[in-house]
Amino acid sequence: MFSKTLVAGLALAMAFAGSASAAQCKFEGDAAAGKTAANACKGCHLFDAGKPSRPTGPNLSAIYGSKAGTVADFKKYSDAMQAAAGKGVTWDDANLAAYIADPKAFLASVNGSEMKHGMMFQLKDEAKVAKVVAYLKALKDCK
Ligand code: HEC
């Protein structure tokens with residue numbers, strides 16, 4: 001009896017702890033679908049604000065609207081990304097969608113020639129790309 005109550009109490013406490021952080025950022029519609037689709041990025045990127053970038057990729061929590069190649073604690077930007085930064089590329093909807101679908105082609109087109117780039121990943125499903133972009137936008141705005 002006693003232990004059952006204790007377990008229930010613990011479960012309740014955990015539910016509260018969970019909802020406290022989730023309540024800050026509610027994702028709906030495309031952004032919610034994008035959050036799920038963005039699981040494909042988690043091998044390399046983190047999406048939690050306040051956590052340091054992983055060595056495998058910059059933290060993406062505030063990437064929407066920022067200038068390319070400027071996450072301060074990510075030290076491994078490629079030549080192609082640094083060149084794109086020099087050209088003033090910012091991560092608006094169109095640039096994010098193009099980059100996520102084909103990083104090599106996007107960087108080659110903004111830089112005018114193909115250079116060594118770092119993201120060995122492509123999300124080819126256009127609908128998913130749009131949802132991931134909606135998620136990145138909502139994530140930036142949610143704080
Ligand atoms: C295999 C590892 C890997 C995966 C998977 C991956 N990325 Fe990346 N990503 C990188 C690396 C490395 C960079 C830095 C690229 C460079 O410097 O050329 C990067 C850069 C980026 C940038 C530009 C960041 C900046 O600071 O300007 C965005 C946006 C991005 N990734 C989005 C995504 C999204 C969205 C997904 C999932 C759909 C994803 N990435 C999946 C490794 C990855």
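A residue is called buried if 20 or more other C-beta atoms lie within 10 Å of its own, exposed if 12 or fewer do, and partly exposed in between, with C-beta atoms placed from the backbone. Helices (H or I, at least four residues) and strands (E, at least two) are DSSP runs, numbered from the N terminus.

The model is predicted: local features need pLDDT of at least 70, side-chain atom pairs count only at pLDDT 80 or more, and totals for chains, interfaces and linings use all residues. Residues are numbered from 1 along each chain as its sequence is written.

**Exercise 1. State which residues of α6 are buried and what covers them.**

Step 1. Locate the helix: α6 spans residues 126-141 and has 16 residues.
Step 2. Check its length. From first C-alpha to last, α6 reaches 23 Å, close to the expected 22 Å; the expected span is 1.5 Å times one less than the number of residues.
Step 3. Apply the burial criterion. The buried residues are Val-129, Lys-131, Val-132, Val-133, Ala-134, Tyr-135, Leu-136, Lys-137, Ala-138 and Leu-139.
Step 4. Find the cover, using contacts (C-beta atoms, placed from the backbone, within 7 Å). The cover of these α6 residues includes α2 and α4.

**Exercise 2. Determine how the buried residues of α3 and α5 are arranged around each axis.**

Step 1. In α3 (79-86), the buried residues are Ala-80, Met-81, Ala-83 and Ala-84. Seen down the axis of α3, they fall within an arc of 160°, so they line one face of the helix. The arc is that of the directions from the helix axis to the C-beta atoms.
Step 2. In α5 (residues 103-111), Pro-103, Phe-106 and Leu-107 are buried. Their arc is only 95° around the axis, which puts them on the same side of α5.
Step 3. Look at the packing. The buried residues of α5 pack against α3 and α4, and the cover of the buried α3 residues includes α5.
Step 4. Look at what follows each helix. Gly-88 follows α3 with a positive phi near 80°; Gly-112, just after α5, has a positive phi of about 85°.

**Exercise 3. Classify Phe-47 as buried, exposed or partly exposed, and list its contacts.**

Step 1. Phe-47 lies in the loop between α2 (29-37) and α3.
Step 2. Phe-47 counts as partly exposed because it has 19 C-beta neighbours inside 10 Å.
Step 3. Leaving out residues up to four places away in sequence, Phe-47 touches Ala-38, Leu-60, Ser-61 and Leu-139.
Step 4. Phe-47 and Leu-139 are 92 residues apart along the chain, and their C-alpha atoms are separated by 8.2 Å.

**Exercise 4. Describe the shell around the ligand by residue and class.**

Step 1. Of the 29 residues around the ligand (C-beta atom, placed from the backbone, within 6 Å of it), Cys-41, Cys-44, Ser-78, Met-81 and Gly-118 come nearest.
Step 2. Both α3 and α4 (93-101) supply at least two shell residues; α4 gives the most, with 3 residues.
Step 3. The shell has 21 nonpolar, 8 polar and no charged residues. Here Ala, Val, Leu, Ile, Met, Phe, Trp, Tyr, Cys and Pro count as nonpolar, Asp, Glu, Lys and Arg as charged, and the others, Gly among them, as polar.

**Exercise 5. Decide where the coordinates should not be read in detail.**

Step 1. The average pLDDT (the predictor's confidence in each residue, from 0 to 100) is 89, and 83% of the residues score at least 70.
Step 2. Over residues 9-23 the pLDDT is below 50, and this stretch has 0 contacts in the model beyond near neighbours in sequence.
Step 3. Where pLDDT is low, predicted coordinates should not be read in detail.

Technical notes
Contact = placed C-beta atoms within 7 Å.
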